[in-house]
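Let's walk through this fold together, one neighbourhood at a time. Keep the 3D view open and turn it as you read.

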Amino acid sequence: MEERRIPVKNQEFTVRIEDFGKNGEGIGRAEGYTLFIKDAVPGDHARVGITKAGKSFGYARLIEVQEPSHDRCEPACRAARRCGGCQLMAVRYEAQLAFKQKKVEDALRRLGGLEIPVLPIIGAEHTLRYRNKAQYPVGMKNGRAAAGFYAQRTHDIVENDDCLLSPASHRIILNKILECMDRYGIDAYDEKTGKGLVRHVLMRQGFATGEIHVCIIVNGKYLPHAEEIARELMAITFSENGGAVPVNPGSTERIVGISLNENTERGNVILGRNMHHIAGKETAADRIGGVQYEISPLSFYQVNPEQTKKLYDTVKAFAGLTGREHVWDLYCGIGTIGLYLADQAACVTGIEIVPRAVQDAKANAAANGYRNAEYYAGAAEEVMPELLEKNRKRRTEGGQPEEKNIVIIDPPRKGCDASLLHALLALRPDRIVYVSCDPATLARDLRILTDGGYSARAVQPVDMFPQTTHCEAVVRLERTESI
């Protein structure tokens, strides 16, 4: 049998793109050899050049689209290919949704070995200007301050002061900061040397309120001319809803606070631990449904408020609350999901390992008048068993029936810690609602939970991040009484 010849770097081929890879790259075959091709769309006939070749597959760059796919469209952003943040911006939105639906289904089947009904994905009405958070790396270009985004798999800044996923007001803020840096001779941070001062600009915005908080991340303990810069920023005026998703068209965008974050560590972590308040409020307020939240630069908060309401409504529906349940909000952050459910629950207990987030959650509960919500700092697998035992003892001594326990878990992309999953299996809550931002780790965790006595009844994908490959999913799990 003749051995297949492996292509070499810079060799060119014409290929038909057959499918998507998990990261949104196109998959094509050159003489039977599999290639992953960034910026290619299934259905394209394209000329590609090899960039890296292994024994069984390789990578290639898109040189020319000779016949475009019917799913290809013109990217709205001029920096789309160079930036790489919007991996699917050249793909029609309907095809983006189909890709994400399949991504969830394939992960559950192939990685988890699970056959679970997956409902049709909930798409977004607005696919641009939907983000309430943006973080721009800052660098020096030709002797002046510049900002944008890192090119894919690099730390080279692609200049772009107007990300089309963020409100247009962010461009005005960013350019004012860059202008002040040049005027006052403030250098940007250089990752290669570890020298320079301004590293990132982080903006968080409440779409329902119009409130914007600006955080400047610096390689040091102070920012020269901080008060003057703050005054200029606070004086900025914007046109009404100047480019954000119109969750509340009547809200007027305005900067309500400015802070400084101290990060002197080498590496790619954006925020340091120490915050310094410069002007205005320390947070920005937002509303999801009828619940208002105060969001600090360090808070976890979903970046797409329009889709967040759909996500949280799905969680509420899957929780099946009647007003008699005890809701356990694990990885609770600033309390967003638990407080959204609090009006239909007997009580809510949130557990979060970050103490500052717990403080914010308590403040948010008080601000919204929820006296049935309590928050604790610590690892959920350690705190929850202690609290459950106390509650059971108290109810037994008081002659009260045991509550139904509903657990909501919304872990980071890496999924749940194995110790938490095993703790849940030992505690046996009546229902678990799992909110996931990564189908692969979701499949892994669901395998453990289903093997441990839970049945996954439904999966609802929600597109929180149009133009990108990321997808959220909500899963309803019921306890299997026979185990």
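**A guided tour of the fold**

Start at the hairpin formed by S6 and S7, which has 2 residues between the strands; Asn-142 in its turn has a positive phi of about 55 degrees. Before going further, please note that this is a predicted model, in which local features need pLDDT of at least 70, side-chain atom pairs count only at pLDDT 80 or more, and totals for chains, interfaces and linings use all residues. Residues are numbered from 1 along each chain as its sequence is written, and side-chain values use heavy atoms, with hydrogens and water left out. The labels H and S refer to DSSP runs numbered from the N terminus: helices are H or I runs of at least four residues, and strands are E runs of at least two.

Back at the hairpin, S6 and strand S7 (residues 144-150) pair in the antiparallel sense over 4 bridges; strands count as paired if DSSP finds at least two bridges between them. Lys-141 stands opposite Arg-144 in S7. S6 (residues 133-141) also has strand S9 (residues 198-205) as an antiparallel partner, joined to it by 5 bridges. Here you can find Gln-135 opposite Leu-202 in S9.

Now turn to the barrel. It is closed, has 5 strands in the order S1-S2-S3-S5-S4, and shows mixed pairing. From one strand to the next, the twist averages 50 degrees; angles like this run from 0 to 180 degrees between N-to-C directions, and axes are lines fitted to C-alpha atoms, for helices over the stretch in contact. Within the barrel, S3 and S5 pair in the parallel sense over 4 bridges, and Leu-35 stands opposite Gly-58 in S5.

What about the aromatic rings? The structure holds 7 aromatic pairs, where rings of Phe, Tyr and Trp (its six-membered ring) pair if their centres lie within 6.5 Å. In one of them, the rings of Phe-36 and Phe-57 have centres 5.6 Å apart and planes at 85 degrees, so this pair is edge-to-face. That term covers planes over 60 degrees apart, while under 30 counts as stacked and the rest as tilted. The pair links distant parts of the chain, with Phe-36 in strand S3 (residues 33-37) and Phe-57 in strand S5 (residues 57-67), 21 residues apart.

Next come the helix pairs. Two packed helices are described by the angle between their axes and the distance between the axes. Helix H3 (residues 169-184) and helix H4 (residues 226-234) pack at about 150 degrees, with their axes 10 Å apart. That angle makes H3 roughly antiparallel to H4; the label applies over 145 degrees, whereas under 35 is roughly parallel, 65 to 115 is roughly perpendicular, and the rest is oblique. On the H3 side the contact includes Ile-173, Ile-177 and Tyr-184, and on the H4 side it includes Ile-229 and Leu-233; contact means heavy atoms within 4.5 Å. By class, this contact has 6 nonpolar, no polar and 4 charged residues. Ala, Val, Leu, Ile, Met, Phe, Trp, Tyr, Cys and Pro count as nonpolar, Asp, Glu, Lys and Arg as charged, and the others, Gly among them, as polar.

Further along the chain is an open sheet of 7 strands, ordered S17-S16-S15-S18-S19-S21-S20, with mixed pairing. Its edge strands are S17 (373-377) and S20 (454-462), each of which pairs on one side only. Neighbouring strands of this sheet are turned by 15 degrees against each other on average, direction ignored. Inside the sheet, strand S15 (residues 325-330) and strand S18 (residues 404-409) pair in the parallel sense over 6 bridges, and Asp-329 stands opposite Ile-408 in S18. H10 packs on the sheet, touching S19 (431-436), S20 and S21 (472-479), and its direction makes about 165 degrees with that of S19.

H10 is a good place to finish. Its partner H9 (residues 418-427) packs against H10 at about 25 degrees, with the axes 10 Å apart, and H9 and H10 are therefore roughly parallel. Leu-421, His-422 and Leu-425 in H9 meet Asp-445, Ile-448 and Leu-449 in H10. Helix H2 (residues 93-111) also meets H10 (residues 439-451): their axes come within 8 Å and cross at roughly 40 degrees, so H2 and H10 are oblique to each other. The residues of this contact divide into 9 nonpolar, no polar and 1 charged.
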